[in-house]
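Me: I have a structure open and would like to go through some of its labels with you. Could you set each value against its cut-off for me?

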Amino acid sequence: MRNEIGIASLEYITSPIEVLLVRSHIYAEELMDNSWANTEENLSSYILNLPIYKNYGIPLNDLMKELSKASSLNFSGCQILYKFSESPDYVLAGIYPFTKSSECVQIKSLTDTIQIKHRMVIESKKVGMLKEEKKVKIRRGNERGIGEVVDALSRWKQLYTEGKIGKDGIREKYSRHDAAKVLKMPKKTLDDYAAQVKLAKSNNFDFQLHCKEKFGILRKFNRQKSISRHGNANCSGGNNHK
């Protein structure tokens, strides 16, 4: 249980107490539910020398400060929950550091084990950025190679311009959309690839040299060329006014 005491007015002893720490993940303020509190993964044990007051109260700030030293973790800004070994439920203590230095964990005896869980509390906007960053990493991991894209565009064009001979010996004709379906690729994606490849050719991109690179290299090349052209145009415009 948690309690508030007048710490300055009470005597205390220092005693070793076992503290179990459950490492956890990052959560947003809007996800501050306790569903994660049931997992017992990444459990670490620490023996901490903590101040124990006459009513068996341990100041929460002191507990977390010593736990931070022992675990080499920074708990500032973290949501803290605790429970005792015989208790099935966690108690929400709040955000560390706690504003009331007098708030304590009430133990029953010096042999009690305190179990602590923590999680970062971050703004929703930052969570959105983290999720988007994760999506970008996934997309990059699945990104096609330049040579693969060029080959796909070649097969796509052949399908919608020439078609292909079916099993019955008759040439089948395809629209751009149907040809994309045959390749199991979205037409929108193929249109984007075609536009990027066309632009890269006009910019003298070396396809043979970079054929094994990811397609993002080609996109970056096009962007840099575009920025360079705009920069030169601005410089020329500025010189004309001199």
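Me: Are tyrosine 96 and phenylalanine 98 buried or exposed?

Reply: Happy to help! In this predicted model, tyrosine 96 and phenylalanine 98 are both buried; that label calls for under 20% relative accessible area.

Me: What makes the rings of tyrosine 96 and phenylalanine 98 an edge-to-face pair?

Reply: Two values decide it. Their centres are 5.8 Å apart, and the cut-off for a pair is within 6.5 Å. Their planes meet at 70°, and over 60 degrees counts as edge-to-face, so the pair earns that name.

Me: How many aromatic pairs does a search of the whole structure find?

Reply: The search gives six aromatic pairs. There is also an aromatic cluster, formed by Phe205, Phe207 and Phe221.

Me: Why is lysine 83 said to lie over the face of tyrosine 90?

Reply: Lysine 83 is 5.7 Å from the ring centre of tyrosine 90; the rule asks for NZ within 6 Å of the centre and within 35 degrees of the ring normal, so the distance fits. Likewise, the charged end of arginine 176 sits over the ring of tyrosine 160, at 4.2 Å from its centre.

Me: How do you know that the buried residues of H5 are on the same side?

Reply: Those buried residues are Leu190, Tyr193, Gln196, Val197 and Ala200. They span an arc of only 130° around the axis, so they fall on the same side of H5. The face turned away from that buried side carries exposed Lys188, Lys198 and Ser202.

Definitions and conventions:
Residues numbered from 1 in each chain as written. Predicted model: local features only at pLDDT ≥ 70, side-chain atom pairs only at ≥ 80, totals over all residues. Heavy atoms only, no water. Phe/Tyr/Trp six-rings, centres within 6.5 Å; stacked < 30°, edge-to-face > 60°. Buried < 20%, exposed > 50% of the residue type's maximum accessible area, 1.4 Å probe, protein only. Helix = DSSP H or I, 4+ residues; strand = E, 2+ residues; numbered from the N terminus. Arc of directions from axis to C-beta.
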